[in-house]
Amino acid sequence: MSLLSIQNLKMHFPVRGGVLMRSIASCKAVDGISLDVGTGETVGLVGESGCGKTTLGKAIVRLLEPTDGSISFDGQDITHAGIRTLRPMRRHIQMIFQDPAESLNPRHTVRDLLEEPFIVQKLGTKAERQTWIADLLDKVGLSSSAADRFPFEFSGGQRQRIGIARAIALKPKLIVCDEPVSALDVSVQSQVLNLLLDLQKEMGLSYLFIAHGLSVVKHMSDRVAVMYLGKIMELAPAQELYNNPKHAYTKALLDAIPVPDPAKRRKRQLLQGDVPSPINPPEGCAFGHRMSHPRWKDSVGMDLSLKEVSPGHWVQPCPCCVS
Ligand SMILES: Nc1ncnc2c1ncn2[C@@H]1O[C@H](COP(=O)(O)OP(=O)(O)OP(=O)(O)O)[C@@H](O)[C@H]1O
Ligand SMILES: [Mg+2]
C-alpha cells in the first residue's frame with residue numbers, strides 16, 4: 001500500500017466577475033491527477049510555471065480542499081477531512097515552501113518558529129522543547145546561536161534550512177518540497193539538496209519533490225511525473241524517463257537542461273511562450289495545441305488518460321505528442 005495515494009484529483013478555483021462578483025468561469029489548476037508516493041520514495045513533479053504544482057502540493061497537505069477526486073494518506077481518506085482529523089495528520093505530512101522568506105514569520109525568532117509546531121500539537125514541556133529545538137538546528141547544520149535570531153538575519157540558504165527544520169520537527173512521514181532550492185544560489189542548492197537526501201536516509205522520509213525543470217529532480221527522484229496544465233503527461237522511473245522519454249513535452253523539458261559540452265548537444269525543441277491559461281483550457285491535447293501540432297485535432301475527443309507503455313512507465317496516449 002502506498003503512503004500517499006491520489007485519485008483523479010481536481011482543484012478548480014472560481015473566477016469571479018461582473019458587478020455581483022458571480023462565479024463566471026473556473027480555473028482548472030489541477031485537473032484529474034492520479035499519483036502514488038511510497039514509503040521512503042521520492043517522486044519528482046516537474047512542469048513549467050503555472051501548471052499547477054503548488055496547488056497540487058497544497059491540496060495534498062490539505063491547505064486547500066479539493067474540488068473532486070480523493071487523497072488518502074496511510075490508508076485514511078483525508079480528501080475532505082475536517083480540522084479534528086487534520087490536526088493529528090499534520091504531524092505526518094509537511095510542506096517546504098518555494099520562498100522561505102515568505103513562509104517564515106519575520107517577527108518570530110527561530111526559536112519561536114521551531115517551537116510552534118510542538119505547541120500546536122501540545123508536545124513536551126518547555127524544557128523538552130528547547131532540547132528538541134537544539135537538536136533540530138544541529139540536524140539542519142545551523143549553530144545553536146541561530147535560535148535567538150530573526151529570519152531576515154540569515155542568507156537564503158540558511159533560511160531554507162530553518163524551513164526544513166520546521167518541516168521535520170514533528171518527524172513526518174511525507175514532505176511536499178515545493179521548489180525548495182529554486183530561490184537559491186547554485187552553490188547553495190546542492191548543499192540543501194544533500195541535506196534533504198541525508199534527512200531522508202536518517203528519518204525514512206518520503207518526498208514529493210516539486211521543480212520546474214528536470215535537472216534538479218534527476219538525482220533526487222525514484223520516479224518523475226511531468227505535469228502540464230493541470231494534468232500529468234508522463235510518469236516513469238527516473239532513469240527510464242531520462243533515457244527513454246515518450247511525450248513531446250518531456251522531451252522539450254529534457255532539451256531545456258543546459259549541456260556544457262557543445263558536441264553532446266542535440267537539436268533542441270524549444271518551448272515557446274508560457275503554459276496557456278487553465279481558465280478554458282483547449283480541448284484535446286493541451287501541449288499539441290500550444291505547439292500548433294498538425295495532428296492536434298486528432299486528440300480532440302480522445303480518452304487521454306495515462307496508459308502504461310512499459311512497466312511503471314505511463315504516458316498520455318496523444319497522437320500528436322507521442323510517437
Ligand atoms: N488561490 C487561487 N485562486 C485562483 N487561482 C489560483 C489560486 N492559486 C493558484 N491559482 C492558479 O492556478 C494555476 C496554477 O498555479 P500554481 O501556483 O499551482 O502553479 P505552479 O506550477 O506552482 O507555478 P510556479 O512554478 O510558478 O510556482 C495558475 O494559473 C494560478 O493563477
Ligand atoms: Mg509553485
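**Backbone outliers, the ligand 1 site and helix H6**

Asp74 counts as partly exposed because its relative accessibility is 37%, a value between the limits of 20% for buried and 50% for exposed residues. The structure described here is a predicted model. Asp74 is located in the loop that runs between strand E4 (68-73) and strand E5 (76-77). The phi angle of Asp74 is near 55°, which is a positive value in a residue other than glycine. A positive phi also occurs at Met21, again not a glycine, where the angle is about 50°. Met21 belongs to the loop between strand E1 (4-17) and E2. With a relative accessibility of 46%, Met21 is likewise classed as partly exposed.

The surroundings of ligand 1 were examined next. The ligand is surrounded by 14 residues, of which Ser49, Gly50, Lys53, Thr54 and Thr55 come nearest. Several polar side chains approach oxygen atoms of the ligand. For Ser49, a polar side-chain atom lies 2.4 Å from an oxygen atom of ligand 1. In the side chain of Lys53, an N or O atom is 2.8 Å from an oxygen atom of the ligand. For Glu179, the corresponding distance between a side-chain N or O atom and an oxygen atom of ligand 1 is 3.1 Å. On its own, ligand 1 has 640 Å² of accessible area, and the protein covers 63% of this. Two elements give two or more residues to the shell around the ligand, namely strand E2 (22-37) and helix H1 (53-60). H1 gives the most, with three residues. By residue type, the shell consists of five nonpolar, six polar and three charged residues.

Helix H6 spans residues 156-168 and thus has 13 residues. The distance from the first C-alpha of H6 to the last is 19 Å, close to the 18 Å expected at 1.5 Å a residue. The helix is mostly covered, as 10 of its 13 residues are buried. The buried set comprises Gly157, the run from Arg159 through Gln160, Arg161, Ile162, Gly163 and Ile164 to Ala165, and then Ala167 and Ile168. These buried residues pack against both helices and strands. The helices in contact with them are H3 (100-103), H4 (110-120), H5 (126-139) and H7 (186-203). The strands in contact with them are E6 (93-96) and E7 (174-178).

Notes
Residues are numbered from 1 along each chain as its sequence is written. Chains are lettered from A and ligands numbered from 1 in the order in which they are written. This is a predicted model: local features need pLDDT of at least 70, side-chain atom pairs count only at pLDDT 80 or more; totals for chains, interfaces and linings use all residues. Side-chain values use heavy atoms; hydrogens and water are left out. Helices (H or I, at least four residues) and strands (E, at least two) are DSSP runs, numbered from the N terminus. The expected span of a helix is 1.5 Å times one less than its number of residues. Buried means under 20% relative accessible area, exposed over 50%, partly exposed in between (1.4 Å probe, protein chains only). Contact means heavy atoms within 4.5 Å. A residue is near a molecule or strand if one of its heavy atoms lies within 4 Å of it. A polar contact is a pair of N or O atoms within 3.5 Å; within protein, one must be able to donate a hydrogen and the other to accept it, and residues adjacent in sequence count only if both atoms are side-chain atoms. Accessible areas come from the Shrake-Rupley method with a 1.4 Å probe; for residues, only the protein chains shown count as cover. Ala, Val, Leu, Ile, Met, Phe, Trp, Tyr, Cys and Pro count as nonpolar, Asp, Glu, Lys and Arg as charged, and the others, Gly among them, as polar.
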